[in-house]
Amino acid sequence: MSKPKIVVLGAGYAGLVTTRHLTKKLSAEEAEIVLINKHNYHYESTWLHEVAAGTKTPNQARFMISDVVNPNRVRLIYDTVVKVNKDEKRVVLENSEVTYDYLVVALGFVTNTFGIKGMEENAFFIQDIDSARLIAEHIEYQFAKYSAGEITDDELLNIVVGGGGFTGIEFVGELAEIVPKLCKKYDIPRNKVRIINVEAAPTVLPMFDKDLVSYALQYLESRGVEFRMSAAISECTKEGFIVGEDKELIKGGTVVWTGGVTGNPVLGQSGFELVKGKVNVDADLRMPGEENIFVLGDCSWVMNKETGRPYAPTGQLATQEGVVAAENIKALIHNEPLKDFVFDDKGTVASLGVANGIGNILSGTKLQGKAAAAMKKVVDDRTLFLIGGPKLVLKKGKFRPF
Ligand code: FAD
């Protein structure tokens, strides 16, 4: 009998961890492993706000997949997944097709505009390395044009960020770092450049306690970030966001939407049953009714039995799911019972620029300031360790002192 073929879609956090664990748990004689990803590199999705601001270069936030996955053991295919045909156990790629016995869908997120008029056409998104790079380049281009006298309207220097969640706040924190440097480089007074965060809710960062949120707001305001809360965006035009009942225009030369994400559109293109854009998986991480398909990371909802609500989609969750998916695939191949996924929440830390942050760790310990910034770097390095081992930490790690 030929050996089973395991196909992993996506080399993000969930896909890389699944693949690496499969290679440790199953011998080459036991299973063939195929990893399919759009690019030949992995990027750190959790660092994209830094690339978008220009505080990190794209190359600092990515590495070659073949650096952490042995191409002699895993067949690497660099191509774009178009859809999965689960009745035929076949994945359609842009340039070929691949069959599978076991499938892991780990294709990550795309930005969700919630249908806000003009958002798709006029706003930048922090979605992958190229979209993030585009934002940093656009911001600098605005500075260069202003400095050269090609644009004269001060408001075109404004950077307007929609969404006061994790990504939006971490992004304005990085902008507060880079803007003074760009002002110096292009000889533009700092007070000419406004960084404006726009949020529909009465507060930002809803996942943190009020005291940490007010610390974050005070710190960012002291660095020149302006907040417009309770300001629902009804439209995005070429000029900026339209907010509130009186249709006020918040003008900017760089307009970025960070207000939401959803599962990869391949899920819908494949005819999978979706709840708010993702697959509601069973406790063992399989798609309901499917023996051999696992859906991980930002493509799925995993129920937290204690709260009756799904876990928030995070890199931390995605990496932990990858370990369990690999174990469960091994169990299926060996005809053993599968185990349920249990999330081990190690807490959440948000950066507020390079040397500041807020966080909740180890069930209730609160951190703010430099301690949180240091913890954030530990978290980022730990993630690198989980997806690529110690060599990757040495190559890409954030352990350098600030
Ligand atoms: P990803 O890591 O996004 O990987 C998806 C992979 O699939 C990518 O390699 C992509 O190229 C590939 N792919 C996509 N479409 C296709 C296709 N059609 N064909 C082939 N390949 C494809 N989480 C935290 O836990 N902590 C944080 O501090 C944090 N900060 C964040 C900051 C930002 C700016 C953002 C955007 C997210 C942050 N998150 C954070 C959330 C976290 O990044 C995601 O939850 C996590 O990336 C999900 O992992 P994943 O494996 O599902 O997808």
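A residue is counted as buried if 20 or more other C-beta atoms lie within 10 Å of its own, as exposed if 12 or fewer do, and as partly exposed in between. The exercises below apply this rule and others to a predicted model.

**Exercise 1. Determine which residues of helix α6 are buried, and what covers them.**

Solution.
Step 1. Locate the helix: α6 runs over residues 210-222 and has 13 residues.
Step 2. Check its extent. From the first C-alpha to the last, α6 reaches 18 Å, close to the 18 Å expected at 1.5 Å a residue.
Step 3. Apply the rule for burial. The residues of α6 that are buried are Leu-212, Tyr-215, Ala-216, Leu-217 and Leu-220.
Step 4. Look for the cover. The elements over these buried residues include the helix α5 (166-186) and the strands β14 (225-228), β26 (357-361) and β27 (365-368).
Step 5. Inspect what comes after the helix. Gly-224 follows α6 and has a positive phi, near 95°.

**Exercise 2. Classify Val-204 and Leu-205 as buried or exposed, and describe the surroundings of Val-204.**

Solution.
Step 1. Place the residues. Val-204 belongs to the loop between β13 and α6, and Leu-205 lies in the loop between β13 (195-198) and α6.
Step 2. Count neighbours for Val-204. Because 21 other C-beta atoms lie within 10 Å, Val-204 is buried.
Step 3. Repeat the count for Leu-205. There are 22 other C-beta atoms within 10 Å, and therefore Leu-205 is buried.
Step 4. Examine the backbone. Leu-205 has a positive phi of about 40°, although it is not a glycine.
Step 5. List the contacts of Val-204. Leaving aside residues up to four places away in sequence, Val-204 touches Gly-164, Ile-169, Glu-199, Val-213, Phe-227 and Met-229.
Step 6. Set sequence beside space. Val-204 and Gly-165 are 39 residues apart in sequence, and their C-alpha atoms are 6.1 Å apart.

**Exercise 3. Assign Asn-335, Asp-67, Lys-305 and Val-91 to the classes buried, partly exposed or exposed.**

Solution.
Step 1. Asn-335 is found in the loop between α8 and β25 (347-351). With 6 other C-beta atoms within 10 Å, Asn-335 is exposed. Its phi is positive, about 55°, although Asn-335 is not a glycine.
Step 2. Asp-67 sits in the loop between β4 (62-64) and β5 (74-78). Its count is 14 other C-beta atoms within 10 Å, so Asp-67 is partly exposed. Between Asp-67 and Glu-97, 30 residues apart along the chain, the C-alpha separation is 25 Å.
Step 3. Lys-305 is in the loop between β23 (303-304) and β24 (309-310). Lys-305 has 9 C-beta neighbours inside 10 Å and therefore counts as exposed. Its C-alpha atom is separated by 34 Å from that of Lys-38, 267 residues apart along the chain.
Step 4. Val-91 lies in strand β7, residues 90-93. Val-91 counts as buried because it has 26 C-beta neighbours inside 10 Å. Not counting residues up to four places away in sequence, Val-91 touches Val-7, Leu-9, Val-81, Val-84, Glu-97, Val-98 and Tyr-100.

**Exercise 4. Describe the division of the chain into domains and the side of domain 1 that touches domain 2.**

Solution.
Step 1. Write down the bounds. Domain 1 covers 5-38 + 79-111 + 261-337, and domain 2 covers 113-259 + 346-402.
Step 2. Give the separation. Taken over C-alpha atoms, the centres of domain 1 and domain 2 are 30 Å apart.
Step 3. Describe the contact. Eight residues from domain 1 and eight residues from domain 2 take part.
Step 4. Identify the elements. On the side of domain 1 that touches domain 2, at least two residues come from each of α1 (13-25), β10 (109-111) and α8 (315-333).
Step 5. Sort by class. The residues on this side of domain 1 are four nonpolar, four polar and no charged.

**Exercise 5. State which residues come nearest to the ligand, and characterise the shell around the ligand.**

Solution.
Step 1. Of the 35 residues around the ligand, those that come nearest are Gly-10, Gly-12, Gly-108, Gly-297 and Thr-314.
Step 2. By class, the shell has 14 nonpolar, 17 polar and four charged residues.
Step 3. At least two residues of the shell come from each of α1, β2 (32-37), α2 (48-53), α5 and α8.
Step 4. Domain 1 and domain 2 each supply at least three residues of the shell.
Step 5. Consult the record. An unreviewed UniProt entry places the feature "domain: FAD/NAD(P)-binding" at residues 5-307.

Note on methods. Residues numbered from 1 in each chain as written. Predicted model: local features only at pLDDT ≥ 70, side-chain atom pairs only at ≥ 80, totals over all residues. Domains from an automatic or database assignment. Contact = placed C-beta atoms within 7 Å. Helix = DSSP H or I, 4+ residues; strand = E, 2+ residues; numbered from the N terminus. Nonpolar A, V, L, I, M, F, W, Y, C, P; charged D, E, K, R; others polar. UniProt positions renumbered as here; feature names shortened; annotations may be inferred. Expected span 1.5 Å × (residues − 1). Near = placed C-beta within 6 Å.
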